[in-house]
Amino acid sequence: MAKSIAWKLYKEVLEEIQIPEETKEKIEKQFKYDPLLQIISSQILTSEEEQAIKADLDYIQEKIAKWDKIRSEEQTLSFLLIYRTLETVFRKTLISLFPELEREEVNFIKLIDILKNNRLITEDASSLLHEIRFKRNVLFHEPGKSLDLGKDTMNKLLYVIKEIMDKAEEK
């Protein structure tokens, strides 16, 4: 809503300085671009998956915005939601690119390897994903352990999701 109001005001300024309509449209596209919206409006996900991922991403972004002030349980839940989103987006993206993978049992390690081997993620992203996979396993298999996740890591994971979707759309 805030973005919409800001655009309305900005558009009035653009009209006052009388820039060409084509330029105005180009600025509007850039102004309204939201990479997370792109993720959930892709052709890769079903409508149910889109709704679930949008809800998860909204929750995650809300928690990231106040990361240092939220309880560790909320951080953990945000982490689990982003992990689930990563796995869903990775799996659906790879199946759309390589339909034969739908018949295989592909775990998170293999998803990362396939993404890296097909240059859909960088070496740095691959390392980050292996690190969070390890943290997720600790969380699930060692009761009582807590995670040390930072806001920066969570933002990097959101960026990895966006990057995958951008590259998948190019192929």
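Is Tyr83 buried or exposed, and what is its relative accessible area? Tyr83 is buried, at 6%. The views below place Tyr83 and other residues in a predicted model.

**Figure 1. The whole chain is helical in its assigned elements, with eight helices and zero strands.** From the N terminus on, the order reads α-α-α-α-α-α-α-α. The protein has 171 residues, and 37% of them count as buried. The exposed surface comes to about 10800 Å². Carbon and sulfur atoms supply 50% of that area. Among contacts with a separation of 6 or more, 62% join residues 24 or more positions apart.

**Figure 2. Confidence in the model is given by element.** The mean pLDDT of the protein is 83. A value of 70 or more is reached by 85% of the residues. Helix 6 has the highest mean among the elements, 94. Helix 3 (residues 35–40) has the lowest, 50. Where pLDDT is low, predicted coordinates should not be read in detail.

**Figure 3. Three aromatic pairs are counted in the protein.** In one of them, the ring centres of Phe79 and Tyr83 lie 6.2 Å apart. Their planes meet at 50°, so this pair is tilted. Phe79 and Tyr83 are four residues apart in helix 5 (residues 72–97), which means about one helical turn separates them. Phe79 is buried, with a relative accessible area of 0%. Tyr83 is also buried, at 6%.

**Figure 4. Phe90 and Phe108 form a stacked aromatic pair.** The distance is 5.9 Å centre to centre, with 25° between the planes. This pair links distant parts of the chain. Phe90 sits in helix 5 and Phe108 in helix 6 (residues 108–117), 18 residues apart. Both Phe90 and Phe108 are buried. Ring pairs join Phe79, Tyr83, Phe90 and Phe108 into a cluster.

**Figure 5. The largest nonpolar core holds 38 residues.** Leu86, Phe90, Leu129 and Val160 have the most contacts inside this core. Helix 4, helix 5, helix 6, helix 7 and helix 8 (151–170) each give two or more residues to the core. Helix 5 gives the most, eight residues. Phe90 thus appears both among these most-connected core residues and in the stacked pair with Phe108.

**Figure 6. Val160 is shown with the residues it touches.** Residues up to four places away in sequence are not counted here. Val160 touches Leu86, Phe90 and Leu129. Val160 also touches Ile121, Ala125 and Leu128.

**Figure 7. Lys135 is a buried lysine in helix 7 (residues 123–141).** The relative accessibility of Lys135 is 18%; the limit for buried is under 20%, so Lys135 counts as buried. Neighbours within four places in sequence are left aside. Lys135 is then in contact with Phe79, Leu147, Asp148 and Leu149. Phe79, one of these contacts, is also the partner of Tyr83 in the tilted pair.

**Figure 8. Arg136 lies over the face of Phe140.** The distance from Arg136 to the ring centre is 4.3 Å.

**Figure 9. Ala65 and Lys151 are shown together.** Ala65 lies in helix 4 (residues 47–65). Ala65 is exposed, with a relative accessible area of 60%. In sequence, Ala65 and Lys151 are 86 residues apart. In space, the two are 8.4 Å apart, C-alpha to C-alpha.

Terms used:
Residues are numbered from 1 along each chain as its sequence is written. This is a predicted model: local features need pLDDT of at least 70, side-chain atom pairs count only at pLDDT 80 or more; totals for chains, interfaces and linings use all residues. Side-chain values use heavy atoms; hydrogens and water are left out. Rings of Phe, Tyr and Trp (its six-membered ring) pair if their centres lie within 6.5 Å; planes under 30 degrees apart count as stacked, over 60 as edge-to-face and the rest as tilted. Buried means under 20% relative accessible area, exposed over 50%, partly exposed in between (1.4 Å probe, protein chains only). A charge sits over a ring if NZ of Lys or CZ of Arg is within 6 Å of the ring centre and within 35 degrees of the ring normal. Contact means heavy atoms within 4.5 Å. Accessible areas come from the Shrake-Rupley method with a 1.4 Å probe; for residues, only the protein chains shown count as cover. pLDDT is the predictor's confidence in each residue, from 0 to 100. A nonpolar core is a set of buried Ala, Val, Leu, Ile, Met, Phe, Trp, Tyr and Cys residues joined through side-chain atoms within 4.5 Å.
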